Amino acid sequence: MLIENGTIWTDTDGAVLHAHGGHMLQVGDTWYWYGEDRRDNLYVSCYASKDLVHWTFRNHVLRTDSPAEACRVRADLRLTREDGGKVNIERPKVLYNEKTGKYVMWMHYENGKDYLCAAAAVATCETPDGDFVYHGSFNPYGEMSRDCTLFQDEDKAYFLSASRDNADMHMYRLQEDWLNIEKLSANFWQGEYREAPALVKKDGQYYIFSSFCTGWAPNQCKYARTTCLEDGFGLLTKVGDETTYHSQPAFILTVEGSETTSYIYVGDRWDGQDYFNSRYVWFPLEFAADGSVRIISCERFDLDVQTGRCTIL
Ligand code: DGJ
């Protein structure tokens with residue numbers, strides 16, 4: 001199946017696919033792609049696919065009129081501003097918690113006027129593509145929390161977000177039901193201003209990719225690795241070119257097939273002038289025997305979810 005980078009992607013109805021700053025969750029043989037949808041009263045949309053190429057629109061899973069319900073944490077439950085306008089929901093990520101049977105979404109929340117809330121927000125649902133119930137936004141331990149990601153490691157889950165006005169990266173271990181933070185496991189990259197964190201685990205090593213902070217303009221991606229996740233990450237190494245082939249990390253997709261496992265960098269190619277003209281790029285990752293990584297920039301490649309093979313065309 002052909003992945004064609006940098007073009008406008010459409011769903012199986014021919015409508016433009018809105019899943020920016022997103023994340024994917026595999027449930028059986030189906031992948032769910034969640035991402036920002038800034039149209040009308042929408043915040044997060046969800047698409048489903050069995051081959052990672054044909055995406056069927058499933059639901060606008062978070063909207064201004066989504067049901068809101070407090071859940072343990074004292075949080076701001078508003079999904080609209082006082083004047084009725086929209087707030088900002090960015091980088092939604094979803095995991096499935098087996099213990100509670102709930103799909104749990106974490107995201108970055110701003111008030112729609114400025115970027116000073118710097119809050120994390122949580123929503124849950126009984127199904128992957130149902131109407132998520134919003135549980136509000138808050139600042140973890142009072143800290144700022146902007147660009148974020150979720151990462152599952154066995155039965156534990158972690159929420160990572162840029163803190164202290166983006167200067168540092170925080171990694172929080174979540175409580176068992178993943179609805180609140182258990183502890184600040186690590187803070188790292190002190191003063192290095194990294195955004196757009198994206199994690200993957202391969203052969204017992206954890207890799208994290210991130211960008212520098214330049215608004216919507218692309219910059220140099222860097223990665224770091226560790227064998228002990230809760231220790232956090234150390235020195236950053238450049239990967240890709242100085243604009244990461246005109247993209248910013250969204251998440252790393254793992255495709256486990258019958259022959260091999262492929263790891264794919266999924267990035268946003270933002271259009272800073274016209275957000276709705278933003279595109280997606282998918283680039284296979286190549287890991288060397290010494291654990292170093294390369295992003296293989298390409299215009300198109302063939303992805304076979306059965307075998308797990310990526311073939312650059
Ligand atoms: C870069 C971030 O990575 C995006 O998610 C978004 O917050 C833009 N900055 C806004 O300028």
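**Legends to the views of the chain and its ligand**

**View 1. Overall fold of the chain.** The chain contains 23 strands and zero helices. The model shown is predicted. Along the principal axes, the C-alpha atoms occupy a box of roughly 50 × 45 × 40 Å. The radius of gyration is 18 Å, which agrees with the value near 20 Å that a compact globule of 313 residues would have.

**View 2. Pocket that holds the ligand.** The ligand is located in the second largest pocket. Around the ligand are E90, R91, Y115, D147, E195, G215, W216 and Q248. Sorted by class, this shell comprises four charged, two polar and two nonpolar residues.

**View 3. Side-chain contacts to oxygen atoms of the ligand.** R91 places a polar side-chain atom 2.9 Å from an oxygen atom of the ligand. In the side chain of E195, an N or O atom is 3.5 Å from an oxygen atom of the ligand.

**View 4. Backbone contact and burial of the ligand.** At G215 the contact is made by the backbone: one of its N or O atoms lies 3.3 Å from a nitrogen atom of the ligand. The ligand taken alone exposes 290 Å², and the protein buries 89% of that area.

Notes:
Residues numbered from 1 in each chain as written. Predicted model: local features only at pLDDT ≥ 70, side-chain atom pairs only at ≥ 80, totals over all residues. Heavy atoms only, no water. Near = heavy atom within 4 Å. Polar contact = N/O pair within 3.5 Å; in protein donor to acceptor, adjacent residues only side chain to side chain. Areas by Shrake-Rupley, 256 points an atom, 1.4 Å probe, with all protein chains shown as cover. 1 Å grid on protein atoms, 1.4 Å probe; cavity = no way out; pocket = protein on both sides within 12 Å on 5 of 7 lines; lining within 4 Å. Sits in = over half its atoms within 2 Å of the grid points. Nonpolar A, V, L, I, M, F, W, Y, C, P; charged D, E, K, R; others polar. Helix = DSSP H or I, 4+ residues; strand = E, 2+ residues; numbered from the N terminus. Rg over C-alpha atoms; globule rule 2.2 N^0.38 Å.
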